[in-house]
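Hi,

Here is the structure I said I would pass on. Have a look at it first, and then read on for what turned up.

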Amino acid sequence: MGTRLGELVERFGGQLQGDPNLQVSGIAPLADADASHISFLSNSKFRGQAAASQAAALILSAADDAVVAPDYAGARIVTPNPYAYFARAAQFFAAQREVAPAPGVDASASIGAGAVIAASAHIGAHVTIGEGAVIGEGAVIDAGCFVGREAVIGAATHLFANVTFHARCQIGARGIIHSGAVIGTDGFGFANEGGVYIKIPQTGRVIIGDDVDIGANTTIDRGALADTVIEDGVKLDNQIQIGHNCRIGAHTAMAGCVGVAGSAVIGKYCTFGGAAMVLGHLSIADRVHVSSGSMVSRSILEAGQYTGFYPLAKNADWEKSAAIVRNLSTLRDKIRALEKTIKTLTNQEQT
Amino acid sequence: MGTRLGELVERFGGQLQGDPNLQVSGIAPLADADASHISFLSNSKFRGQAAASQAAALILSAADDAVVAPDYAGARIVTPNPYAYFARAAQFFAAQREVAPAPGVDASASIGAGAVIAASAHIGAHVTIGEGAVIGEGAVIDAGCFVGREAVIGAATHLFANVTFHARCQIGARGIIHSGAVIGTDGFGFANEGGVYIKIPQTGRVIIGDDVDIGANTTIDRGALADTVIEDGVKLDNQIQIGHNCRIGAHTAMAGCVGVAGSAVIGKYCTFGGAAMVLGHLSIADRVHVSSGSMVSRSILEAGQYTGFYPLAKNADWEKSAAIVRNLSTLRDKIRALEKTIKTLTNQEQT
Amino acid sequence: MGTRLGELVERFGGQLQGDPNLQVSGIAPLADADASHISFLSNSKFRGQAAASQAAALILSAADDAVVAPDYAGARIVTPNPYAYFARAAQFFAAQREVAPAPGVDASASIGAGAVIAASAHIGAHVTIGEGAVIGEGAVIDAGCFVGREAVIGAATHLFANVTFHARCQIGARGIIHSGAVIGTDGFGFANEGGVYIKIPQTGRVIIGDDVDIGANTTIDRGALADTVIEDGVKLDNQIQIGHNCRIGAHTAMAGCVGVAGSAVIGKYCTFGGAAMVLGHLSIADRVHVSSGSMVSRSILEAGQYTGFYPLAKNADWEKSAAIVRNLSTLRDKIRALEKTIKTLTNQEQT
């Protein structure tokens, strides 16, 4: 019932040290693995744990293998990036256990006129597909989803239950949109006249590339006139808000609760820690990394790690430091006064 | 197929300089507009761009018109607030292109006993309307929405797909509730007995005025005993949380990810930047403006702009400043000691 | 039509001073109560208001009763924790007015093969129940909910409209999940290879204890390999994000907009103010209280109150203090220089 190590190496590469006919039925962490599992070592500080693992086989780097091999009796797959190898192997084992949704349209779904649904796509219960929408080959639209008029869902893209994907928006191939996410809602655009807000129609779209993951209850606004763009390979966690007309560069990742205000342009290969916030109309360069809980209030033109949150303290200590922060200019003025006095004193000494 | 400039001026006012029979088919930004468009100048720093625009006509202020007119060949509509004029014209053009949902109740909708649905209202697929609910004239309840028992949806109000609007809550006319929003969920109220929480039933309602917009995945709690109140013209962006028994004053606007804890009373014409937070039981005066990412921990009794977030820095610089912030009282004490020493020194000098 | 005070005391305890046959029809705050209500005094500073209340009866502590009784003509129920008593009495009155959902499965619901639904459970309109799911006695699954394959919903647990509860996850008895919440979505786990993210399958579950409340639009990720665990009595408000493999200890409460990154382990009886954030892989001891808007970036091993947010100020004052915070090390260096100079001066004086 298992998978031969030889098959793993044929699929995912790596150099096998051991019997290619040895079978494993799944992947497990070093401490939990038994003789039916393959495990992996992605951090050298766990070499001791790896050597003592009960796993039938290990995925590890050449450097770690040199140290671990003498003490470890099982087979080894040596590869430059064991964590990426683990991810691929885990996908492989998960796919074996997964119950693939059957192609076809559930009888309770509502399909608009002119919608084009690939024969291999799955449309779940109580789904609504708008007029003229296009659902690609192998796409999965789970129960309760809404796909608006003329929207396009790419091949092998998966909308989990209760996703809302509005009219004319598009997502490419192999994407994942988790439950409760809302794609293509109106951006927050108003003109103000005498204190009263007048809505500016939001007529742009959201255009999402290939291999994009969007977390549960994340919201992405459609553009006001132009489009909001999420490039290939972007990974968004849960509860994220992306404002209208933003562009998120390829392979950028954002952790949960991040907010990006309208018209921000974010580079490629960036990372944003949880609850980081980006003001509107800013530019963020490629390979910028923003720490959790940090507010980005100006454009960042240089790659690097940026941080800005108040350090946590016992409440009583915070109250002291916060009171001083409130009056920092007083502190600075006192120092200036001291400097002046000392200069006078020093001059007197010298005369 | 276009609209005469004369018709725009008849509808929205302004003084037309040019041919009233000239037709435009839509509105576009200065840089994108061509001879089929009208465009607008709402910021004087783009006067040069306006003069060079390919748009058939411009909406602009008298002050800008005086500068732009000599260099611009097209027609002009002169008005005191070009941005508000743009918003209205854009609504007009968008309505022309929009496919209005047909009146009537989708066959898949579930309608509770005694619900009153106006003949001109649209009820989409898989909608659930509770017993005794009232849906006003021209209201649109898109697919997957839930409207609870005895709830009231005002005339021409639009609930986008997958909105949840709980029992007995009310919204007035011309409102918009975006997808995934939840109105009237239980407030977070518990009594604590020996460490264990006992739920306090939340029996109040959410009462929402006219012309209120509520963003995607925003949540508004029902009151504990009294009601939570959202006054006329309030605009809430996505992912906002409003606690039980809050009152949000008329024409106040909040950007995405704002949180307002229970029983806060917020004035009229306020603005809250993204991710601003307001503690419970506070009062905020009219015309208070809170910057993004700021925590409001005390009542604000005076109009004005308020801010409080840690400034972003390169991570290494932040680590230095954060370490000092943690020990600011040490710094203050050192200054006090210096002041004392210098006083002694100065006295010695003078004797 | 009311309830005898004697019945309340039989149900919830306390010492009645007054006529057990006196009837009340509901509970109301001191200021709003009339002769048909019972009211409560949970904060001694309102003793004057209690004495003057029009309520037919009061719930109060012995200490307050000693002061209030001489001036108050109504009946009194004396109990050590009047607020908890109020909560229980309010639940009792609310249950009398509530329309209990009828047992049975709505005709429009989709029920997967092998699902086991208790006869006393209610399954609303447009609900989808996955294959092999188990719905306990007296559970209520409101309209539009999705319950995944082999999920388990405990007895008397209530899923409000439009909840998503994913495959194989479990919740115990007497829980409440509010609308729009998503339980068991994939955690945010990727391996990175040359800048490109490779998804790590999330094969763990979410396991939720008894008496847990989960707020509207809150998201809880399933574990990567092991499970995410929410222990008994936990109360989560709206818009909260809990990452994969977290453990939240029993009777811990979190206010709205809190975020907890993956693999954080949080103790029992903790409280988190609104929008507090916890980084991943941290440990938080029992009885830790984190203030609103605070970022927890290190483990907290000692009970107590912790805070960390930038104090709010008028914007002009904030700009001054923020500019100094950015350059705090300059300020510190100036103080060091002053100390050195003064030391030299002092030495000169002494020689």
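C:Cys257 counts as buried, at 10% relative accessibility. This is a predicted model, by the way, so please read everything below in that light. Which cysteine sulfur is nearest to that of C:Cys257? The one in B:Cys257, in another chain, and it is 8.2 Å away. C:Cys257 is in no disulfide. A pair of cysteine sulfurs has to be within 2.5 Å to be called a disulfide, and by that rule the count over all chains comes to zero.

B:Cys145 tells a similar story. Its closest cysteine sulfur is in B:Cys169, 14 Å away, which is too far for a bond. B:Cys145 is buried too, with a relative accessible area of 1%.

Now for how the chains are arranged. Chain A can be superposed on chain B by a rotation of 120° with 0.0 Å of shift along the axis, and the RMSD is 0.1 Å. The two copies are therefore related as by a three-fold rotation axis. Chain C goes onto chain A in the same manner: a turn of 120°, a shift of 0.0 Å along the axis and an RMSD of 0.1 Å. Which residue of chain C comes closest to the rotation axis? That is C:Tyr310, whose C-alpha is 3.4 Å from it.

C:Tyr310 comes up again if you look at C:Trp318, which sits in helix 5 (residues 315-326) of chain C. Leaving out residues up to four places away in sequence, C:Trp318 touches C:Tyr310 and C:Ala313 in its own chain, and B:Thr307, B:Gly308 and B:Phe309 in chain B. C:Trp318 counts as buried, at 9% relative accessibility.

Next, a pair of helices that you can find in chain C and again in chain A. In chain C, helix 1 (residues 5-12) and helix 4 (residues 82-97) have axes that come within 11 Å and cross at roughly 115°. The crossing is right-handed. On the helix 1 side, the contact is made by C:Glu7, C:Leu8, C:Val9, C:Arg11 and C:Phe12. Helix 4 of chain C brings C:Tyr85, C:Arg88, C:Ala89, C:Phe92 and C:Phe93. Sorted by class, that contact has seven nonpolar residues, three charged ones and no polar ones.

In chain A, helix 1 (residues 5-12) and helix 4 (residues 82-97) also have axes that come within 11 Å, crossing at roughly 115°. Here too the crossing is right-handed. Among the residues making the contact are A:Leu8 and A:Phe12 from helix 1, and A:Phe92 and A:Phe93 from helix 4. The split by class is seven nonpolar, no polar and three charged.

Back in chain C, a few single residues are worth clicking on. Start with C:Ile248 in strand 30 (residues 247-248). Is C:Ile248 buried or exposed? Buried, with 0% relative accessibility. Setting aside its neighbours within four places in sequence, C:Ile248 is in contact with C:Val229, C:Ile230, C:Glu231, C:Val234, C:Ile242, C:Met254 and C:Ile266. C:Ile266 is 18 residues away along the chain, yet the two C-alpha atoms are separated by 4.9 Å.

The loop between strand 29 (241-242) and strand 30 of chain C holds C:Asn245. This residue has a positive phi of about 70° although it is not a glycine. C:Asn162 is another non-glycine with a positive phi, in this case about 65°. You'll find C:Asn162 in the loop between strand 17 (158-159) and strand 18 (164-165) of chain C, and it is buried, with a relative accessible area of 11%.

Last on my list is C:Asp64, found in helix 3 (residues 62-68) of chain C. Where does a charged side chain like this end up? C:Asp64 counts as buried, at 3% relative accessibility. Not counting residues up to four places away in sequence, C:Asp64 touches C:Leu41, C:Ser44 and C:Arg47. C:Asp64 is also 18 residues from C:Phe46 in sequence, and their C-alpha atoms are 9.6 Å apart in space.

That's the tour. Shout if anything is unclear.

Cheers

Key: Residues are numbered from 1 along each chain as its sequence is written. Chains are lettered from A and ligands numbered from 1 in the order in which they are written. This is a predicted model: local features need pLDDT of at least 70, side-chain atom pairs count only at pLDDT 80 or more; totals for chains, interfaces and linings use all residues. Side-chain values use heavy atoms; hydrogens and water are left out. Copies are superposed by least squares on the C-alpha atoms of residues with pLDDT of at least 70 in both. Buried means under 20% relative accessible area, exposed over 50%, partly exposed in between (1.4 Å probe, protein chains only). Axes are lines fitted to C-alpha atoms, for helices over the stretch in contact, and angles run from 0 to 180 degrees between N-to-C directions. Helices (H or I, at least four residues) and strands (E, at least two) are DSSP runs, numbered from the N terminus. A crossing is left-handed if the near helix is turned anticlockwise from the far one by less than a right angle, and right-handed if clockwise. Contact means heavy atoms within 4.5 Å. Ala, Val, Leu, Ile, Met, Phe, Trp, Tyr, Cys and Pro count as nonpolar, Asp, Glu, Lys and Arg as charged, and the others, Gly among them, as polar.
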